[in-house]
Structures are given as C-alpha cells and as structure tokens.
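User: I would like to learn how to read a few features in a structure that is new to me. Can we go through them one at a time?

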Amino acid sequence: MTTKAPTFTQPLQSVVALEGSAATFEAHISGFPVPEVSWYRDGQVLSSATLPGVQISFSDGRAKLVIPTVTEANSGRYTVQATNGSGQATSTAELLVTAATAPPNFSQRLQSMTARQGSQVRLDVRVTGIPTPVVKFYRDGVEIQSSPDFQILQEGDLYSLIIAEAYPEDSGTYSVNATNNMGRATSTAELLIQGEEEAVPAKKTKTIVSTAQISQTRQARIEKKIETHFDARSLTSVEMVIEGATAQQLPHKAPPRMPPRPTSKSPTPPIIAAKAQMARQQSPSPVRQSPSPVRHVRAPTPSPVR
C-alpha cells in the first residue's frame, strides 16, 4: 500500500466558552502510515505537564483536546499538527473565554426549625453564581468547620450542614455566606433544640387548664346575662300587672269627696288639675232617682171612753 501524507478531513473549529466551563477541540485526520499528532497553544507544546487537567487523545483518525475548566488564561490560538513519513499537516483555531459573571444568589434559603435533643438536624441551601461562590456556615457569628459532629456537604449548587446529634447548646442563629468576585449573599435562620425537661405533655396540661378556666369564665358570663334578662322581664311583668289592676279599679271608684280648700294665691298646678279632670271623666255619673211620693196618712182619732 502506498504511503499518504496527512490531511484534515475535518479541521479544527474555533470555540467560545464561558469561564469555568469545558472547551473541546476536535479534528479528523487521514494518512498512511498513521500520523503522529501534537498540540500547541500560541506555538508552545501542550501536555498534561504544561496544562494541568488537559485531556489529549487520538484514535481512528480523530484528534481531540479537552480542557475541563477554562479560565481567561486559556484563551489563545490552538494548533494540531499531524506528521508521518510522507508529510505534515496543521490546523489552527481560536479559543475565546468570556468572563460571564453573576453574583451569588440563594435559590433555596435557610429555614428556621425546632428539633428534639439527640435528633439529627440538616440545614440546606442552594446557591448559584459565576464564578462558583465560596460558601461558609456560621453559628452566632462563629464559622463552623467540618467535623464528625458538624458535617458540611456539597452536591452541585446544594450545600448542607448536618448536625449528627443535636443538643440544647446547639440552639442559636445560623447563617450562610456565599461569596465570589462579583458580590456576597447571606441567609439566616433560627434553630431551637428542645431539652428533655421541655416535654410536650407538660405543655398539653398547661393548655387544658387554661382552656377550662376560659370555659368557666364564659359559663359564668352567660349565667349572669340570663339572670339579668330574667330579672328585667319579671320586673316588667309585675309593673304591667299592677298598672292593669289600677286601670280596672279606677273606673269603679267614685272620686273622694274632699272639703273645699281655702282659696290660695298660688294657682293650682296644671298637672294636678289635669289628673283631677281625668278622674272625673272616668268615674261614672251618679244615678239620679226621682224622690218617692210621700203619702200623708192621718192617725186614727181615738174613740171616747165610755
């Protein structure tokens, strides 16, 4: 089989990547014998020694270079060179790293909570930002270091503080600070750990006593209202009976005969005069009977004694 100088069936393409993301260059090469491939950035040879983390591979005519996390320092001209006994070929492309940034932001904030002594407590937050923020947990202003008692975990944008076994002295104000070169964000919440002496039954007993006292007070108020209402109705009924009895007796009574009062210089009060007039009008007029005729009978003349 005749030899063939290397050629690019698919040359490199320029790449634009956000800072902190991955950047990939890929080219397809043909030639015989199989060419040897080398990579360069701005004329300098690339390897895992000169660019930590870089991934370089060549298989089945496909040459590939991957930078898992790019920074602005990785920007430049990238060249792949293929060489065999029949010749050499190169392909070049640009890598542009953009500094797209965003300040820290809490998509899930800390939540205040209450837990029992001896239980496990987990405080979670979700934080976003470009570049990735540095996240720290604090209790009452003092930074919490990861330890067997206080574990700090990260899964993507989820950050968690786990208290393996909580005690009352762990109660306090917990906060999370997220910081990057664009700014800072804070989330705060309260944690209360109840001790054994703060048992729930004691609270229930206190609540029951309070409820009974309230019920007794309400019952006393209701009974007082009923008694007041009953007394008012009874008094009204008595007054109505007395007034009714007076109204029934007055028409059958003749006004008392009063001797005439001596004439006074002061006029009769109008109220007394009006009442006297009403009494006269209500009393029945006396029935006048015509005098019975009187018969004059002569006494018998005594007979003379013989």
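User: Which residue in strand 7 does histidine 28 stand opposite?

Analyst: Bear in mind that this is a predicted model. Across from histidine 28, in strand 7, is arginine 62. The strands concerned are strand 3 (residues 23-32) and strand 7 (residues 62-67), which pair in the antiparallel sense over 6 bridges.

User: What is the strand order of the open sheet of 4 strands?

Analyst: The order is 1-3-7-6, and the pairing is antiparallel. Strand 1 (4-10) and strand 6 (55-59) each have a single partner strand, so one side of each lacks a neighbour in the sheet. On average, neighbouring strands here are turned by 20 degrees against each other, direction ignored.

User: Which strands are the edge strands in the open sheet with the order 2-9-8-4-5?

Analyst: That sheet has 5 strands and mixed pairing. Its edge strands are strand 2 (15-18) and strand 5 (44-45), each pairing on one side only. Strand 5 pairs with strand 4 (residues 36-41) in the antiparallel sense over 2 bridges. Within this pair, arginine 41 stands opposite glutamine 44.

User: Is serine 171 buried or exposed?

Analyst: Buried means under 20% relative accessible area. Serine 171 counts as buried because its relative accessibility is 18%. Serine 171 lies in the loop between strand 16 (158-163) and strand 17 (172-180).

User: What does serine 171 touch, leaving out residues up to four places away in sequence?

Analyst: Serine 171 touches Arg139, Asp140, Leu191, Leu192 and Ile193. The side chain of serine 171 also reaches the backbone nitrogen of isoleucine 193, at 2.8 Å.

Methods:
Residues numbered from 1 in each chain as written. Predicted model: local features only at pLDDT ≥ 70, side-chain atom pairs only at ≥ 80, totals over all residues. Heavy atoms only, no water. Buried < 20%, exposed > 50% of the residue type's maximum accessible area, 1.4 Å probe, protein only. Polar contact = N/O pair within 3.5 Å; in protein donor to acceptor, adjacent residues only side chain to side chain. Contact = heavy atoms within 4.5 Å. Pairing = 2+ DSSP bridges. Axes fitted to C-alpha atoms, helices over the stretch in contact; angles between N-to-C directions.
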